[in-house]
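Me: Please take a close look at one helix of this model and at the open space beside it. I would like a single connected account rather than a list.

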Amino acid sequence: MLKGIIFDFDGVIAQSVKVKTDAFALIYKPYGKEIVNKVINHHIENGGVSRFEKIKFYHENFLKVPITVNEISKLADDFSKIVLKKVIASAYVPGAIEYINNCYKKYMLFISTGTPTNEIKKILKIRNINKYFTNVYGSPQNKSKHIDQIKIKYKLQSNELKFFGDSYSDLYAAKKARVNFILVRNKHNDKLSSNFDGESIKNFREFL
């Protein structure tokens with residue numbers, strides 16, 4: 001019996017994936033078009049991974065330069081300043097808020113995102129949808145840790161949960177925890193959508 005539903009945020013609840021892509025492009029623009037293209041491609045293929053991990057990866061693997069924890073934090077702060085207002089203003093994925101409104105009194109609802117926990121809580125509060133969620137999980141912990149914590153804290157079994165996500169990180173976390181995964185297809189995850197043979201939806205209007 002279903003008792004809890006886990007949602008990613010960007011691309012699942014809000015149409016905000018491009019906001020993050022554009023922010024990474026802006027941050028790495030000084031390093032040239034080739035680096036920007038590498039960053040964008042990696043970011044799109046690794047949705048749901050925290051910006052801290054990505055920044056470290058881009059500097060060490062694409063720029064071939066070391067980066068300190070303080071430098072990562074500074075770039076992550078710059079990233080946050082670029083995206084926050086735009087994410088808050090992003091349109092909902094069609095049917096998402098109606099589906100959440102229909103479900104939150106029946107099930108425990110959770111957010112699992114690569115966005116820093118404090119930032120996603122701020123976004124949910126300003127959008128006035130924080131009331132729907134039993135708990136909210138963001139970085140620095142990854143999504144596998146999120147699911148583990150949800151199962152332990154709320155005494156839930158894997159078969160009592162389902163996870164709506166749009167990225168490989170969502171899929172891997174759900175598979176590792178043996179939680180039912182539903183892919184939310186969008187124009188930013190064509191590669192995953194074409195290779196995925198499980199349950200998928202275009203948007204939440206399919207449930208309304």
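Reply: A residue is called buried here when its relative accessible area is under 20%. The model is a predicted one, and the part chosen for the close look is helix H3, which spans residues 51-63. By that cut-off, the buried residues of H3 are Arg51, Lys54, Ile55, Tyr58, His59, Phe62 and Leu63. An α-helix has 3.6 residues a turn, so residues three or four places apart point the same way. The cover over the buried residues of H3 includes helix H1 (17-28), helix H2 (33-45), helix H4 (69-89) and helix H6 (117-126), together with strand S2 (108-116). After H3 comes lysine 64, which has a positive phi, near 60 degrees.

H3 also takes part in the largest pocket, whose volume is about 410 Å³. Lining this pocket are 30 residues, and those closest to its centre are His43, Asn46, Gly47, Gly48 and Lys54, of which Lys54 is also one of the buried residues of H3. Two or more lining residues come from each of H1, H2, H3, S2 and helix H9 (190-195), and H1, with four residues, gives the largest share. Sorted by class, the lining of the largest pocket holds 13 polar, ten charged and seven nonpolar residues.

The second largest pocket, for its part, contains about 290 Å³ of space. Its lining is made of 14 residues, with Gln15, Val93, Asn186, Lys187 and His188 nearest the centre, and by class this lining divides into six polar, four nonpolar and four charged residues.

Conventions: Residues numbered from 1 in each chain as written. Predicted model: local features only at pLDDT ≥ 70, side-chain atom pairs only at ≥ 80, totals over all residues. Heavy atoms only, no water. Buried < 20%, exposed > 50% of the residue type's maximum accessible area, 1.4 Å probe, protein only. Contact = heavy atoms within 4.5 Å. 1 Å grid on protein atoms, 1.4 Å probe; cavity = no way out; pocket = protein on both sides within 12 Å on 5 of 7 lines; lining within 4 Å. Points joined across faces, edges and corners; volume = space filled by probe spheres on them. Nonpolar A, V, L, I, M, F, W, Y, C, P; charged D, E, K, R; others polar.
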